[in-house]
Amino acid sequence: MGAAAVDDGPTGVKAPDGGWSWVVLCGCFVITGFSYAFPKAVSVFFKELIREFGVGYSDTAWISSILLAMLYGTGPLCSVLVNRFGCRPVMMVGGLFASLGMILASFATSIIQIYLTTGVITGLGLALNFQPSLIMLNRYFDQKRPLANGLSAAGSPVFLCCLSPLGQVLQYNFGWRGGFLILGGMLLNCCACGALMRPLEPPKKPVDQEEPSSKVVEKMKPKKKLLDFTVFKDRGFLIYTIAASIMVLGLFVPPVFVVSYAKDLGYQDTKAAFLLSILGFIDIFARPTCGIIAGLKWVRPRCVYLFAFAMVFNGITDLVGSMSVDYTHLVIFCIFFGISYGMVGALQFEVLMAIVGTEKFPSAIGLVLLMEAMAVLVGPPSAGKILDATHRYMFVFMVAGCEVTLSALVLGFGNFFCIKKKPEEPMKEVAASPAESEQLKKPDEEEKRPESITVDSIEVEQFLKEDTEKNGEVNTNPETCV
């Protein structure tokens, strides 16, 4: 309970923006890398699983879908656990779950067991790491938070570039069972990252003042909600949630289909797969760069509109990329898509933090991820149905581009027209008479008068004796002295 209370983000604790914050950022980098790259890296073992269990590609594709569904759909559960126990214990337990799922999967004898172990258990473990890491990043950074979010988000493309080749090496040397076992051991690093997330401590007070003040705080402090639904009263949060849900429908579609698009144009498998490497390489540099730009003084107050621009950029890239007719066009598409995709990845949680604040962020991110989980499950399958019906990738990319562009319009126009704040009007100074000014000053002077000020009785008597003719007789009673 003590750790959870401190982990609440106590009042009076300022984000360090340095020191141990950079260690927390390194932990978030690793957690983000595992969370986003692992569902894609597991696809390396799909051919071996198809051969082992005699299933189709669509059956093995459910492994990644369940992983992503657990990562997004368990957001409210993660919020409740973080508000109840704190970030550090939740992350360490999540690391154990992520590792245990892959270790158990290495002994699986059916594809259903793979769903339950790799999909459900490992997916839950990654979710219990990902969301608390973002919460701690929000608490440790304030002025440098956009840069920190950009650097943390860069873990996704970095780990994707590393885990996919590593998975192929493990499969070649140890088979899919040995590869799963080794990856399960690697996921134990999530526990180490969770141990780095030490709670922020409030400033220490003298021993004489600490005991009575702590008792008063315990009596006056309201009971914390495990899941704060009052965030839905915030119009900015509602606009963000709607826009993010629409965006996710089309955001992940191009990376899934771009390799197949190149193969459909008649290019070799290795040459087609190289497109993802180009996209990931650009993404690595786009996210930190966007974080630096978002941290500028004149950009940060308008970070929501920068996020909307990033989504428009991504949507237009999809629309233009749908016209690609050769490999050169696809390479150019991947470059621009990597830039826009990196911008979106660097800004999505920074904007949410700016909208709801530190106190409500644990509940807000859980609810947002739950809404996005529904869109994640609908987006790629619906794009596949469009492809089956038309047999042309152009329509798949066009639909994805329209969805992302629509989300940008919802976010941009929604913020501009619904929650645009009016500038505060300066207080007009009105000249007051001396009598009125004295009356206005008296309450303030009485409040600000320190107790140590005393009135000299000799000065009072001398004041009362002077100009008695003009002032009349004055009785020196306690009322006149005051």
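1. Confidence first, since this is a predicted model. Going by pLDDT (the predictor's confidence in each residue, from 0 to 100), helix α1 (residues 2–7) has the lowest mean in the protein chain, 34, and helix α6 (residues 87–105) the highest, 92. Helices here are DSSP runs of H or I, at least four residues, numbered from the N terminus. The chain averages 77, with 78% of its residues at 70 or more.

2. Two stretches to watch: pLDDT is under 50 throughout residues 1–8, yet the model has 18 contacts (heavy atoms within 4.5 Å) beyond four places in sequence for them. Residues 422–433 are also below 50, with one contact beyond near neighbours in sequence. Where pLDDT is low, the predicted coordinates should not be read in detail.

3. Now the largest nonpolar core (buried Ala, Val, Leu, Ile, Met, Phe, Trp, Tyr and Cys joined through side-chain atoms within 4.5 Å; buried is under 20% relative accessible area, 1.4 Å probe, protein chains only). It has 121 residues, and Phe 38, Ile 114 and Leu 352 are among those with the most contacts inside it. Helix α16 (residues 327–390) is the top contributor, with 27 residues. Domain 1 (16–200) and domain 2 (227–420), bounds from an automatic or database assignment, both supply residues, so the core lies between them.

4. Leu 352 touches, beyond four places in sequence, Phe 237, Tyr 240 and Phe 361, among others.

5. Val 331 sits in helix α16. Beyond four places in sequence, Val 331 contacts Leu 275 and Ile 278.

6. Ground rules: numbering runs from 1 along each chain as its sequence is written. Local features need pLDDT of at least 70, side-chain atom pairs 80 or more, while totals for chains, interfaces and linings use all residues, and side-chain values use heavy atoms, without hydrogens or water.

Methods: Buried means under 20% relative accessible area, exposed over 50%, partly exposed in between (1.4 Å probe, protein chains only). Helices (H or I, at least four residues) and strands (E, at least two) are DSSP runs, numbered from the N terminus.
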